[in-house]
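User: I'd like a close look at one part of this model, please.

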Amino acid sequence: MSVAASCLTLVFAPPVLAAERSDTAGGAGRVDHRTYEASTGVNDYLVYVPEGWKPSERLPVYVMVHGCGTTAEQQMHANLLNPLADRERFLVAYPDNGGQCWRAVSNDKASTTRGGGGDADIVAGITRQTSSAYKADTDRVYLMGMSSGAFQTSATATAYPELYAAAGVSAGGGYGMDFLSCMVLPDATATLYAPQAVEQMGPRAHVMPFFSIGGTSDPLGEQPVLGGCARQAYLEWLAVNNLLKPGTDGDTFRDDPTSSRTGQVPDGYAWTSKVARGRDGCRIAERWIVDGMSHYWPGGTTDPKYAGTFNDPKGPSASVASWRFFERFTLSGGNTACRK
């Protein structure tokens, strides 16, 4: 999908009725169609419930925020999070705005502030409602976004940090950034956004473990030199965490070159992953760079109805990589993920 198509095209889809059912996008469980009523109107969303779920089972929640020109249903089919949720035992919530861009992509104030009446409130409200309705483990709730959903993820995790144990972005930027500015600014500017993020987090602030992934042929991902919004989000969140937990003689959290890994998807892209750790050796952030990939969710389905439009199956699975990062963290445990 081109950057212009994903960030500028508005696609208005009819609302999904509560009685309708989706297929399970590779999962063996069920997809529930739900609605969230905000002061600004009603938002539809999907919840994937893994096979064999019982109300007594307190599962983690993975909240997946789609991109522009993409519905929750399309993102669900592209990502293939549902079969992973079956294996790993977690719920997946897919907020939906009918294929429109989430407004944090243009740094809309109402959608990047707590109680602003915009999209941050909606995503946070859907998160709370999902956790309540399915009796989820609120200590293990994670937020991830693609493209405009990535910008919205950074905004929502900043406005409502008390809801999320960790957050991540695919092909999108950090708090306070808009897609035009982060595509042309150098990396050195990323840390300048950190103080306003800390201010927005306010008394609810906590060190936020952070995951990013993007392609080197994508200005919203890991494009070298100027641009690289996902990289800038990573740098901003590292700076945020260092402001929240400052060191006495330098940054508390730093990149750990000894933890870098490389790999190759068979008949696909090469990739590199980097890790940042605290001085105690515990990881706090993970950054994935996919060589040659453009503006897509990496990995996922090979179904031609979705692949090449919403995801690129030649990339490493962002669903698996993000979950492996997220599962290390609990909200109460903070940055204590010392598993290698």
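Which residues does tyrosine 164 touch, not counting residues up to four places away in sequence?

Analyst: Happy to help! This is a predicted model, in which local features need pLDDT of at least 70 and side-chain atom pairs count only at pLDDT 80 or more, while totals for chains, interfaces and linings use all residues. Residues are numbered from 1 along each chain as its sequence is written, and side-chain values use heavy atoms, with hydrogens and water left out.

Counting a contact as heavy atoms within 4.5 Å, and leaving out residues up to four places away in sequence, tyrosine 164 touches Val123, Ala124, Thr127, Val141, Tyr142, Leu143, Thr156, Ala157, His206, Met208 and Leu331.

Tyr164 also belongs to the largest nonpolar core, a set of 54 residues in which Tyr164 and Phe151 touch the most other members. Such a core consists of buried Ala, Val, Leu, Ile, Met, Phe, Trp, Tyr and Cys residues joined through side-chain atoms within 4.5 Å; buried means under 20% relative accessible area, exposed over 50%, and partly exposed in between, with a 1.4 Å probe and protein chains only. The most to this core comes from helix 9 (residues 229–244), which gives six residues. Helices (H or I, at least four residues) are DSSP runs, as are strands (E, at least two), numbered from the N terminus. There is also a second, separate core of 35 residues, with Leu81, Phe90, Ile213 and Phe329 among its members.
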